[in-house]
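Welcome! Have the sequence and the model open beside you, and try each task before you read its solution.

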Amino acid sequence: MRGYAGKYLRVGLSSKTVSEERLEEGMAADYIGGLGFGARTLLDMVPKGVDPLSSENVLAWWTGPFAGTIVPTGSKFGVFALSPLTRIFGFGICSGGFGNELKSAGWDGAVITGRSEKPVYLFIDDGSAVLMDASGLWGKTTWDTEELIREELGDGAVRVAAIGPAGEKLGNLANITTDRNRQVGRSGMGAVAGSKNLKAVAVRGTRDVEVANLDELTKMALDLNERCQGPKTEKYRVYGTPANILVHNRLGCLPSYNFQRGTFEKAEEVSGERMLKTHVKKILACTGCPVACDHVNEVKEGPYAGTVASVDYESLAQLGPLCGVSDLSAVTKAVEVCDKLGVDTISAGVTIAWAMECYEKGLLSKDDTDGLDLRFGNGDAVVEAARRMSLKEGKLGSFLSEGVRKASEKLGRGSAKFAIHCKGMEWAAYSMRSLQTSTVGFCTSIRGADYLRSGSYQVDVAGKVDRLKLDGSRGKIVSDGENQYSIIDSLILCKFTRGVYSSMDEVAKLYTLATGIEMTGPQLLKAGERIYNAAKCFNVRFGMTRKDDYPPPRAFEETMADEVVKGTKITREEFDEALDGYYESRGWNKDGIPTKAKLIELGLTKEAEEVGA
Amino acid sequence: MPEGVVVEFTGPFREITGRRSTSVDIGSAITLGVLISRLSALYGEEFWRRIVDDEGTGYRADSTMIAVNQRVVNPSGALSQPVKPGDRVVFALSVAGGG
């Protein structure tokens, strides 16, 4: 078996043991890598009833078959665990150079169990792995931790993925950071690492990754490299995703003021175009990536002078317009605070925006906010709230650190109606009511409200459907997108290159050239369906049914007032029709449970017995 | 009665034209293709090349988004879509997301 390292690490933190496990070829062909391996690992190792922050939870790190090879953007990796935020399948896919390094060290991944008595970090040095004392690193930011570990190991090229204080304090929104600007975001993987007293994983890999057909793979990769620098990725390379701000604003689908509106009157001030002129200092690329999308801001003057942070559309929108903030320097500072302390920017923005609405409605007092003036538009307050929630500092910080679902449950008083999440995951920066196919995809996502599981917003913003209405046909659009994205996340490729490939057959050919495992486009898509169903089975194990696949009440109960989409809301009848269409296209029953027949067809026989309808 | 079309530009279209918006006098309805031709006459061949596909029948939806009155134009047959006096047309980068 090529492309894969053929083995992975098993690390027992309670027993302080490290061992080597073989990766079976059947596992590779059926589950591909990344997301697929993560789904299989959690199904096999995390039984019903486990507390996400207990030693029984697993923290699995997986690469894909292209990591460490010449295939462009193949350097990504994923981290998987039962999520403390959503209490279902949790994970984050991350860019940077860590994935390449891990594979080059000779490992497809590492499955970490138990809980260390003291803070440790795992150092993987080619074929060996050892747990190192991290007592001196506890309390350090993600950025400092990277530097300190490199200093300790005397090697500036070691790749480090670390948690910040937010993860140590078990905040539900905590993430894992590598290369400073790249995060294993969403769903609280940083808190799971923190619960295990695992501060970081450091890796040094110096070996070549063997592929099945080097000449042909190189030829194809170089061609893809060329295409990656063509017009299909220009938007990422030149403008970066913040260019979405003005486009979404024109279409009435830029969430502002905690999703009350779909336009922002000061959108020009936080636009990607403006940011490029006033704040972008440099544009970086991940290891092995010809696209180079990472737009790094620097604040040159004012109270936040000296701030440096990578600001993408999601972070900008959720810490900016969603909180009514139009000050690019304050948004950049808020992102820097989140990144250094180790908190997810999307979730942070949504949770703060909800608190701002509570404050303006009189549901939170100045006493509740420890004196912070949480009115919409106060950029300084957003920066400070982000800091406090990351550190669980004071009443407000502790309250917000649990995420919007739990915070609204604690506050009560009707605030859950405008806590914008699905399954506990804070909603990303796509309007619920004016991008309705996207909303179906957010709700069926295995990770909770998530634009990255199906990309179904694309049919809305490309004008291929009426984005202000729903019908049964949207279900298949969403499930097809989920199957494709499951493959991208298993291989693991960057979604920014999805337009570069001519077909799934071309992706399959690349897979075969790298691994030697024969694969066709349809077989790859079938694997995508298997992987999505596997993750769904895990969620069913943890109690998910149809009732969990709905957007928050604001989507149904409040019409939009923005001129461009005036009067728009989602009707329950249409949403139910779309959901029915989705379940039907998936071969699941009306309650959203995979049928035994479908699971058996996909080779998920154990799961058919356990959860199949 | 309005006689012009308001055209807004973002991203690269703002750079090519050097402006955020403009008004184009049309008197009566024209096709989107004609509107793009007229704008290309003002702002140069690059404006046309960035938008219209090699066949000259649709627009490059992988890099461009066109909306008429906030409704995104379906790329297929886009150039024959009518544009009326009083319409607002947006030329923007297609929406990007998901790393």
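Below are five exercises on this predicted model, each with a worked solution.

**Exercise 1. Describe the overall build of chain A: how many helices and strands are there in chain A, and how compact is chain A?**

Step 1: Start with the elements. Chain A holds 25 helices and 17 strands.

Step 2: Test the compactness. For 613 residues the globule rule gives 25 Å, and the radius of gyration of chain A is 22 Å, close to that value, so chain A is as compact as a globular protein of that length.

Step 3: Add the dimensions. The C-alpha trace of chain A spans about 60 × 55 × 50 Å along its principal axes.

Step 4: Look at burial and contacts. In chain A, 64% of the 613 residues are buried. Of the contacts in chain A between residues at least 6 apart in sequence, 70% join residues at least 24 apart.

**Exercise 2. Now do the same for chain B: what pattern does chain B follow along the sequence?**

Step 1: Count the elements. There are 3 helices and 7 strands in chain B.

Step 2: Put them in order. Reading along the sequence gives β-α-β-β-α-α-β-β-β-β for chain B.

Step 3: Check the radius. A compact globule of 99 residues would have a radius of gyration near 13 Å, and the 13 Å of chain B agrees with this. The C-alpha trace of chain B spans about 45 × 30 × 25 Å along its principal axes.

Step 4: Finish with burial and contacts. Of the 99 residues in chain B, 41% count as buried. Among contacts in chain B between residues at least 6 apart in sequence, 52% join residues at least 24 apart.

**Exercise 3. Work out how helix H13 of chain A packs against helix H14 and helix H16 of chain A: is each pair roughly parallel or roughly perpendicular?**

Step 1: Know what to look for. Two packed helices are described by the angle between their axes and by the distance between those axes.

Step 2: Take H13(A), residues 345-360, with H14(A), residues 379-391. Their axes lie 10 Å apart, at an angle of about 115 degrees. H13(A) and H14(A) are therefore roughly perpendicular, and H13(A) passes H14(A) in a right-handed crossing.

Step 3: Find the residues that meet. Ala348(A), Thr351(A), Ile352(A) and Ala355(A) of H13(A) meet Val382(A), Ala385(A), Ala386(A) and Met389(A) of H14(A). This contact has 7 nonpolar, 1 polar and no charged residues.

Step 4: Turn to H16(A), residues 404-411. The axes of H13(A) and H16(A) come within 9 Å and cross at roughly 25 degrees, which makes the two helices roughly parallel. Val350(A), Thr351(A), Trp354(A) and Cys358(A) of H13(A) make the contact with Val404(A), Ala407(A), Ser408(A) and Leu411(A) of H16(A). By class, 6 residues are nonpolar, 2 are polar and none is charged.

**Exercise 4. Find Glu426(A): is Glu426(A) buried or exposed?**

Step 1: Locate Glu426(A) in strand S17, residues 425-426, of chain A.

Step 2: Count neighbours. Glu426(A) has 28 C-beta neighbours inside 10 Å, so Glu426(A) counts as buried; the cut-off is 20 or more.

Step 3: Name some partners. Residues touched by Glu426(A) include Val350(A), Thr351(A) and Val404(A).

**Exercise 5. Describe the contact between the chains: how many residues does each chain give?**

Step 1: Chain A gives 30 residues and chain B gives 24.

Step 2: On the side of chain B that touches chain A, S7(B) gives the largest share, 3 residues.

Step 3: That side of chain B divides into 10 nonpolar, 9 polar and 5 charged residues.

How values were computed
Residues are numbered from 1 along each chain as its sequence is written. Chains are lettered from A and ligands numbered from 1 in the order in which they are written. This is a predicted model: local features need pLDDT of at least 70, side-chain atom pairs count only at pLDDT 80 or more; totals for chains, interfaces and linings use all residues. Helices (H or I, at least four residues) and strands (E, at least two) are DSSP runs, numbered from the N terminus. The radius of gyration is taken over C-alpha atoms; the globule rule is 2.2 Å times the number of residues to the power 0.38. A residue is buried if 20 or more other C-beta atoms lie within 10 Å of its own, exposed if 12 or fewer, and partly exposed in between; C-beta atoms are placed from the backbone. Two residues are in contact if their C-beta atoms, placed from the backbone, lie within 7 Å. Axes are lines fitted to C-alpha atoms, for helices over the stretch in contact, and angles run from 0 to 180 degrees between N-to-C directions. Angles under 35 degrees count as roughly parallel, over 145 as roughly antiparallel, 65 to 115 as roughly perpendicular and the rest as oblique. A crossing is left-handed if the near helix is turned anticlockwise from the far one by less than a right angle, and right-handed if clockwise. Ala, Val, Leu, Ile, Met, Phe, Trp, Tyr, Cys and Pro count as nonpolar, Asp, Glu, Lys and Arg as charged, and the others, Gly among them, as polar. Lists of a residue's contacts leave out its neighbours within four places in sequence.
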